[in-house]
Amino acid sequence: MTGLFRKSLCALALSVGLASVGNAAALVEPTLHLKQQRDGGSVALTLDACGGKTDTRILSALVENSIPATIFVTGIWLKRNAAAVEILRAHPDLFELENHGGRHIPAVDTPRKIYGISSAGSPDAVQAEVESGAAALASAGGPAPKWFRGATAEYSPSAIAMIRKLGFKIAGFSLNGDGGSLLGAKETARRIAAARDGDVIIAHINQPTHAAGEGVVQGLLALKQKGMTFVRLDDAEDVGNDGTTD
């Protein structure tokens, strides 16, 4: 009887372990590419403003060099960076502001952690994160957002379906420029400068003390010197996988 009980416990532990592995494998990190092709090539620069402050090195370089970008902002960042928001709004020809969520919570509808950040944990919490981000942008003025990118850029498939039903395209990417703003300047510059026609670049504009910000600027200027055209997501035809844009 004891042996049978132990076997049952082992079987239960194995099934729980397999379920956990299955849940982990179920998360999706969508990709996104541009369909639109231009002479010299085109890329889309997307910058996440998760929380914290503004990397004015990047913002100034974008304005001074007329480089368009799609900025994904959270409600938290909007509240703390009024001066930067004013600059972004003053250049509607360059900047498209999109939804990065209200509180920078991963759009995963089961409880877990992604890169150490607790997920939304339920369908209602995912919906609240998306809608509160859109509401924060509405309060800041300007056009209603059309795109959503969740914290960590990973999603449960069911959350993807919900976000699409709420009317948002989900912004994946094809090139991770700064490794979550944790890479050094040299590696960040190398990655971004190596972007190819059709790439959607992800980097961060909310870490002014990180070396990665310097690399973002260097990489972008290198691309511009090569003759690469920069487009915003709304200005290009793009395609994402896993039902994120269709």
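**Exercise 1. Helix 2 against helix 8**

Task: In this predicted model, determine which residues of helix 2 meet helix 8, and describe how the two helices cross.

Solution:
1. On the side of helix 2, the residues in contact are R57, I58, A61 and L62; their partners in helix 8 are G213, E214, V216, V217 and L220.
2. Helix 2 covers residues 56–64, and helix 8 covers residues 212–226.
3. The two axes come within 8 Å and cross at roughly 20°. Angles under 35 degrees count as roughly parallel, so helix 2 is roughly parallel to helix 8.
4. The handedness of this crossing is right-handed.
5. A61, one of the contacting residues of helix 2, has a relative accessible area of 11% and is therefore buried. Its C-alpha atom is separated by 9.5 Å from that of Q218, although A61 and Q218 are 157 residues apart along the chain.

**Exercise 2. A salt bridge across the sequence**

Task: Establish which parts of the chain are tied together by the salt bridge of D48 with R149.

Solution:
1. Side chains of opposite charge can pair when their charged atoms come close.
2. In the pair formed by D48 and R149, the closest N and O atoms are 2.8 Å apart. The cut-off for a salt bridge is 4 Å, so the pair qualifies as one.
3. D48 belongs to strand 2 (residues 42–49), whereas R149 is in the loop between strand 7 (147–148) and helix 6 (157–165); the bridge therefore ties together parts that are 101 residues apart in sequence.
4. Both D48 and R149 are buried.

**Exercise 3. Further salt bridges and their exposure**

Task: For the salt bridges R57 with D55 and R232 with D235, decide whether each partner is buried or partly exposed.

Solution:
1. The structure holds seven salt bridges. Residues under 20% relative accessible area are buried, and those over 50% are exposed, with partly exposed in between.
2. R57 pairs with D55, their closest N and O atoms being 2.8 Å apart. R57 has 31% relative accessibility, so it counts as partly exposed; D55, at 1%, is buried.
3. R232 pairs with D235, and here too the closest N and O atoms lie 2.8 Å apart. The arginine R232 has a relative accessible area of 14% and is therefore buried, while D235, at 40%, is partly exposed.
4. Elsewhere, E187, R190 and R191 are joined in a network of salt bridges.

**Exercise 4. The surroundings of H204**

Task: Locate H204 and identify the residues that H204 touches.

Solution:
1. H204 is found in strand 10, which spans residues 200–204.
2. With a relative accessible area of 13%, H204 is buried.
3. Leaving aside residues up to four places away in sequence, H204 touches L47, D48, C50, I58, D178, G180 and S181.
4. Two of these contacts refer back to earlier exercises: D48 is the salt-bridge partner of R149, and I58 is among the helix 2 residues that meet helix 8.

**Exercise 5. The surroundings of T244**

Task: Determine where T244 lies, whether T244 is buried or exposed, and what its side chain reaches.

Solution:
1. T244 is placed in the segment that follows strand 12 (238–240).
2. Its relative accessible area is 0%, so T244 is buried.
3. The T244 side chain reaches the backbone oxygen of N241 at 2.7 Å. This distance is within the 3.5 Å cut-off for a polar contact.
4. Not counting residues up to four places away in sequence, T244 touches P30, I160, R164, K169 and I170.

Terms used: Residues are numbered from 1 along each chain as its sequence is written. This is a predicted model: local features need pLDDT of at least 70, side-chain atom pairs count only at pLDDT 80 or more; totals for chains, interfaces and linings use all residues. Side-chain values use heavy atoms; hydrogens and water are left out. Helices (H or I, at least four residues) and strands (E, at least two) are DSSP runs, numbered from the N terminus. Buried means under 20% relative accessible area, exposed over 50%, partly exposed in between (1.4 Å probe, protein chains only). A polar contact is a pair of N or O atoms within 3.5 Å; within protein, one must be able to donate a hydrogen and the other to accept it, and residues adjacent in sequence count only if both atoms are side-chain atoms. Contact means heavy atoms within 4.5 Å. A salt bridge is a side-chain nitrogen of Lys or Arg within 4 Å of a carboxyl oxygen of Asp or Glu. Axes are lines fitted to C-alpha atoms, for helices over the stretch in contact, and angles run from 0 to 180 degrees between N-to-C directions. Angles under 35 degrees count as roughly parallel, over 145 as roughly antiparallel, 65 to 115 as roughly perpendicular and the rest as oblique. A crossing is left-handed if the near helix is turned anticlockwise from the far one by less than a right angle, and right-handed if clockwise.
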